[in-house]
Each structure stands twice: as structure tokens, then as C-alpha cells.
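Biologist: Could you take me through one part of this protein up close? I'd like to hear about the nonpolar core and what packs around it.

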Amino acid sequence: MGTEDIRCRIMEEELGTFWPQWHVVKRLGGGSFGDVFEIFRDNYGIRTFSALKVLRISDAEASYSLSSGNARPYNAEESCSNFGENNIPEVFMNEIRIMEALRGAPNIVSIENFHFRKNAETNSLYVRMELLTSFVKVMSDRQRSGRQFTIPEVLKIGKDICTALSFCEQRNIIHRDIKPANMFVDKFGNYKVGDFGASKRMETIHPTHMMTGIGTISYMAPEIFAGRSYNNTVDIYALGLVLYQLLNNGRMPFLPAYGQYTVQDIDAANYRRLHREELPSLAGIRIYGEMIDERLDSVIRKACDPDSHRRYRTAKEFYDALSGHEVREDNTQTISTTVRTTESSHREPDPYQRSEQLNAASAAGYADHEKVYAQKEAGIQEARGEEGINLALIVAIVFIIETARKTPADHSRPRDTSAS
Ligand SMILES: Nc1ncnc2c1ncn2[C@@H]1O[C@H](COP(=O)(O)OP(=O)(O)O)[C@@H](O)[C@H]1O
Ligand SMILES: [Mg+2]
């Protein structure tokens, strides 16, 4: 019997003492303060699956976190009714209160039940919640199979997480640890935010963890790093970085664009970012034939501006910017995919020009991005074939116009005409 099996057996026995109808399937992950298991229950012949997060903390740790004033960004009116004041560590209460306050909000991991147990010096909290797939797993599966996230997929992820953050803002909650490991996806393809509280405990109990744990520092806003005051925009910043990473072929800003990188590279990249260097532009990167334009680049980089005052002030603003990009994307497929060889592909599009074929490809959505890719590539090939001569002519005319410097070159109109 391996260690995993032993852990599951121990958990099964423990679980039997308070939720006997539930059984352990497997361990899903290990966290900073405990483990997360997949569990199930059979009820009237129907099997239900859930996730069980187990948090353990000693009395000493608990009292330390209390005396150091653990942050409690939660609305005091939203208390949980089925919990007595039985000497339960406040750090546990904090996470439960937040999850309860947000229960039912879209795009936030939903809590189902919780249980507290004290055994000698150890306090254990068991949180049952909806079973999801970790976004880290999604990312690594994609990386392994060489399937990058498409631009529409990244926009969907961004908007879903913005929705979650918007509900957090409504309840005065700052998540403070937005990162792929705390993001999830459900079976319908909705992205969700989870893990409210572990990082806060970690900051409070073990301040040094913050500085040594790469996973924790990688999405941290510069003002937190500098020990200055901060607000909800640190979550917007962290989400911006996640989206940046997804658009940048999985790489964080300032990492080498190609090849292997080392821990030293990661440290150097974090150093530059946390010392407020402007993030490198994403504009011009192509994902499955679709190019990141300057507008999308500016949306992402505004979210992760080193200066918190220049970021989106609310998650709703960030959501709207991502949606605005999407609407525009839809209307500009012809431009951005047919004349990508000139700098002018970033210019304002003519919203009335549409390519039916490419729009159909977009409508297929992210569920089948390879198909979309194939369709788009076919569209590009076709458009290029038709336009070959026209394009050369247009480029020549534009060149003459630009050289003459009489008016700014408007590439969009002749290009659109040729595509139609
Ligand atoms: N609801 C869930 N469904 C599936 N897996 C989960 C769920 N919650 C957590 N996990 C897994 O357990 C890991 C740790 O959980 P998390 O809530 O982030 O705790 P920690 O405080 O330890 O970071 C996650 O990264 C994920 O792999
Ligand atoms: Mg976590």
C-alpha cells in the first residue's frame, strides 16, 4: 500500500466519524495547510461527488494568527448561522465566513458544508465543496498536448474570473491570491475562483513563505511586495498576469520567449516585475493564426499596470474592456487575419466589413479550437489567394501615400474591399 492509499484510508476513517455516508475516492492535491480529497456519497442510487478540503492548524499557530490580527475582509452582516462560537480558530472562521458570504455567486467555488474538530493540540476544519477541475491541471494538460489557449478562450477565462471578483468586491473581499492554482473549471466550461483564506493565513502565520514560495509571489502586485497599502486592484492585477501568461504561451512576463528557463530566470523575471518595470508588449503574438492586437495588449497591460491607480478600478471595468475587445474581434476578423504582414493590422477597423466564414469559425467557440484553427487557416489561405495581386497593389499605394505624408494611411478600406 502506497503513501497515497494510506492517506486516503486515514481520511476515510476520519470522515466516517462525522459524515459516515461519504467515502474517499482519491487525493486531489496537497495544500499549505492540509489536503484536498475527492469524495462521494450514494443516495437513492445516485452517486454524488464533492471535494473535501482538510485544514489543520496547531493551537500555537492559531493563537499566533489571532494575535497578529489576521485580515478579515468580509461583511460583518454575513455570518454563518450553523456554527457556534466553540473556540474555533479565527483563521478557520475567516475562510468559512467568506465562502458562506459568497455562496451561490457565479464563478465562485461553492461551499456545501463544513465541520470542525479539535484533537489534542490540533484543530481540523473539513470543508465540503463542489468538485471541480484545477486550472493548473487544465494548463499542464494543454502544455503537454501542445494546445495553446485561443484568444476567445482567454477572454472567456478573464470574464468569468472578473465576474467572480466583482462579487468579491460587492462583499468587500479581496482574494489576494488569484493564480492558476486557485482557479478551477466546471464540467460546463465555467471558470471559478476558490481558496479564500489559505494565503491570508500563510501571510499572517508565516510571513517568510511569501518571499520564498515562488508560486505565491509570482502573481503578487508590486505594492504588496513593497509592503504598501493595497486594494481590490491587486486581484485585477493578478488576473491580468494570468491572462498575460496564457496569451504568452504559458510564460510569465520577462521570462525568455523560447527554450528552457531556470529558477534564476524566474527570480529575475519576478524581480523586474515587482520593481515596477513595464511588462513587454504582447501585440503581434499569433495564436492559431490570430494575432494579439494592440488593443487587447493594452487591456491586459492596463490590468497589470505597476501603478495601481492606472489599473481598472473594478472587476466590472476589466470585464467590460475584455468584452469590448471581443465585440471588436468579431467585427475585425477580415482585417486582422488577411493583412497581418503590415504594421497597419493594429489600426481601427471598419466595423461593417465582416467575413462570414471567419465569423462562423469564431462562433464554433473555444470548445473545439483546433477546428476553429483549421477553418481560420483555410480562410486566410483563401483570402490570400484572391488577394495576392490586389494586396501587392494596395501595399504599393499605401507606401506612396505614406511617403508623401499628406494624410495618414488608411489601410482598412482598400483591404476590406479586396476581401469582400
Ligand atoms: N473544489 C475543488 N475541486 C477539485 N480540486 C480542488 C478543489 N479545491 C481544491 N482542489 C485541489 O486542491 C489544491 C489545494 O486547494 P486550495 O483550496 O487551493 O488549498 P490551499 O490553501 O492548500 O492552497 C488545489 O490547487 C486543487 O488542486
Ligand atoms: Mg490554493
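Modeller: The largest nonpolar core has 78 residues, and the members that touch the most others are I161, A238, L239, L243, I300 and A303. Keep in mind that this is a predicted model. If you want to know who feeds that core, helix 10 gives the most, with 11 residues. The core isn't confined to one domain, either: at least three of its residues come from domain 1 (3-129), and at least three from domain 2 (135-332).

Now look at how helix 10 (residues 233-247) sits against helix 5 (residues 151-170): their axes come within 10 Å and cross at roughly 170°. Anything over 145 degrees counts as roughly antiparallel, so that's what we call helix 5 and helix 10. On the helix 5 side, the contact is made by V154, I157, G158, I161, C162, L165 and C168, and facing them from helix 10 are D235, I236, L239, L243, L246 and L247. Sorted by class, that makes 11 nonpolar residues, 1 polar and 1 charged. You'll spot I161, L239 and L243 again here, after meeting them among the best-connected core members.

A303 is another one to click on. Leaving out residues up to four places away in sequence, A303 touches I236, Y237, L239 and G240, plus R311, Y312 and F318.

Zooming out, the chain has 17 helices and 10 strands, and 37% of its 420 residues are buried. Of the contacts between residues at least 6 apart in sequence, 63% link residues at least 24 apart.

How values were computed. Residues are numbered from 1 along each chain as its sequence is written. Chains are lettered from A and ligands numbered from 1 in the order in which they are written. This is a predicted model: local features need pLDDT of at least 70, side-chain atom pairs count only at pLDDT 80 or more; totals for chains, interfaces and linings use all residues. Axes are lines fitted to C-alpha atoms, for helices over the stretch in contact, and angles run from 0 to 180 degrees between N-to-C directions. Helices (H or I, at least four residues) and strands (E, at least two) are DSSP runs, numbered from the N terminus. Angles under 35 degrees count as roughly parallel, over 145 as roughly antiparallel, 65 to 115 as roughly perpendicular and the rest as oblique. Two residues are in contact if their C-beta atoms, placed from the backbone, lie within 7 Å. Ala, Val, Leu, Ile, Met, Phe, Trp, Tyr, Cys and Pro count as nonpolar, Asp, Glu, Lys and Arg as charged, and the others, Gly among them, as polar. A residue is buried if 20 or more other C-beta atoms lie within 10 Å of its own, exposed if 12 or fewer, and partly exposed in between; C-beta atoms are placed from the backbone. A nonpolar core is a set of buried Ala, Val, Leu, Ile, Met, Phe, Trp, Tyr and Cys residues joined through C-beta atoms within 7 Å. Domain bounds come from an automatic or database domain assignment.
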